[in-house]
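Grab a coffee and open the viewer. Below are some exercises, each with a solution worked out step by step.

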Amino acid sequence: MIEHFGVLEFMKKKQTLLAISILLFASSCTNSSDTSQTPEQILQANANEVNDSQAPLIKIPMLAHLSTGGFKFKTDAYVVFKFECPDCPEGSQCKPCMGDNIIVSEINEEVKDYNDLNSSRIILFLNDAGQLELHKKYRFLVNFDTVETDPSGNTAYKGRLVNFTNLK
């Protein structure tokens with residue numbers, strides 16, 4: 001039993017070292033004039049269960065360096081796509097809906113559907129997409145959940161919107 005514990009501890013340390021190595025490499029690839037935090041700083045800050053006001057402000061493409069979810073961050077972005085679940089009349093049998101969501105991007109661009117996802121956009125699930133306006137810029141506080149890749153190779157970053165403030 002003690003040997004199994006030792007192997008588990010070794011594996012955890014090995015995974016941690018690998019994650020730190022990847023984050024150090026990723027941080028060395030960032031623009032030094034960028035005031036955003038490095039992936040390593042984000043991971044470290046969120047390891048301490050930061051409150052909402054202490055969540056780091058990051059750029060969406062930085063998520064490509066962070067393949068695990070489970071942390072909070074802030075980002076400044078435009079709402080470029082909005083999906084609201086259709087109403088289901090009482091007594092009707094309707095298709096399940098994945099929930100209201102928006103796609104946000106740092107660039108105010110036209111996004112027609114989920115096929116337009118890339119590493120500069122993130123899907124945010126929320127209770128009421130109607131409260132946000134298309135092509136308006138906000139600061140979002142996000143619970144980052146997952147990174148998923150579909151069969152055609154498109155990457156989708158998914159998170160849950162905690163709150164937002166208007167920027168413009």
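## Exercise 1: Tyr 138 and its surroundings

Start with one contact: a polar atom of the Tyr 138 side chain lies 2.9 Å from the backbone nitrogen of Glu 133. That is a polar contact, meaning a pair of N or O atoms within 3.5 Å; within protein, one must be able to donate a hydrogen and the other to accept it, and residues adjacent in sequence count only if both atoms are side-chain atoms.

Before going on, some ground rules: this is a predicted model, where local features need pLDDT of at least 70, side-chain atom pairs count only at pLDDT 80 or more, and totals for chains, interfaces and linings use all residues. Residues are numbered from 1 along each chain as its sequence is written, and side-chain values use heavy atoms, with hydrogens and water left out.

**Task.** Work out where Tyr 138 sits, whether Tyr 138 is buried or exposed, and which residues Tyr 138 touches.

**Solution.**
- Step 1: find the element. Tyr 138 belongs to strand E4. Strands (E, at least two residues) and helices (H or I, at least four) are DSSP runs, numbered from the N terminus.
- Step 2: check the exposure. Tyr 138 has 1% relative accessibility, so Tyr 138 counts as buried. The cut-offs are under 20% relative accessible area for buried, over 50% for exposed and partly exposed in between (1.4 Å probe, protein chains only).
- Step 3: list the neighbours. Contact means heavy atoms within 4.5 Å. Leaving out residues up to four places away in sequence, Tyr 138 touches, among others, Thr 75, Asp 76, Ala 77, Val 79, Glu 133 and Phe 164.
- Step 4: look along the chain. Phe 164 is 26 residues from Tyr 138, yet their C-alpha atoms are separated by 6.3 Å.

## Exercise 2: Trace the barrel

**Task.** In which order do the strands close into a barrel, and how do they pair?

**Solution.**
- Step 1: read the chain from the N terminus. The elements run α-α-β-β-β-β-β, giving 2 helices and 5 strands.
- Step 2: close the ring. The 5 strands form a barrel in the order E1-E2-E3-E5-E4, with mixed pairing. From one strand to the next, the twist averages 55°. Two strands pair if DSSP finds at least two bridges between them.
- Step 3: take E1 (residues 71-83) and E2 (residues 101-105). They're antiparallel, over 5 bridges, and Val 79 stands opposite Val 104 in E2.
- Step 4: move on to E3 and E5. These run parallel and are joined by 3 bridges; Ile 123 has Lys 158 in E5 as its bridge partner.
- Step 5: finish with E4 and E5, which run antiparallel with 11 bridges. Here Arg 139 partners Thr 165 in E5. The two strands form a hairpin with 5 residues between them, and Gly 153 in the turn has a positive phi of about 95°.

## Exercise 3: Find the cores

**Task.** Which residues have the most contacts inside the largest nonpolar core, and which strands supply it?

**Solution.**
- Step 1: get the definition straight. A nonpolar core is a set of buried Ala, Val, Leu, Ile, Met, Phe, Trp, Tyr and Cys residues joined through side-chain atoms within 4.5 Å.
- Step 2: count and rank. The largest core has 22 residues, and Leu 63, Ile 102, Val 104, Ile 122 and Phe 140 have the most contacts inside it.
- Step 3: assign the strands. E1, E2, E3 (121-125), E4 (137-149) and E5 (155-166) each supply at least two residues of this core.
- Step 4: look for anything separate. Another core, of 9 residues, lies apart from it and includes Tyr 78, Ile 103, Val 111 and Phe 125.
- Step 5: zoom in on Ile 102. Its contacts, not counting residues up to four places away in sequence, include Val 79, Phe 81, Ile 122, Leu 124 and Phe 140.

## Exercise 4: Sort out the disulfides

**Task.** How many disulfides are there, and what pattern do they follow?

**Solution.**
- Step 1: search the whole structure. There are 2 disulfides, taking a disulfide as a pair of cysteine sulfur atoms within 2.5 Å.
- Step 2: pair the cysteines. Cys 85 bonds to Cys 97, with sulfur atoms 1.7 Å apart, and Cys 88 bonds to Cys 94, with sulfur atoms 2.0 Å apart. Counting bonded cysteines along the chain, the pattern is 1-4, 2-3.
- Step 3: work out handedness. The torsion about the S-S bond of Cys 85 and Cys 97 is about -80°, so that disulfide is left-handed. The link of Cys 88 and Cys 94, with 90° about the S-S bond, is right-handed.
- Step 4: check exposure. Cys 85 is partly exposed at 24% relative accessible area, and Cys 88 is partly exposed at 40% relative accessibility.

How values were computed: Axes fitted to C-alpha atoms, helices over the stretch in contact; angles between N-to-C directions.
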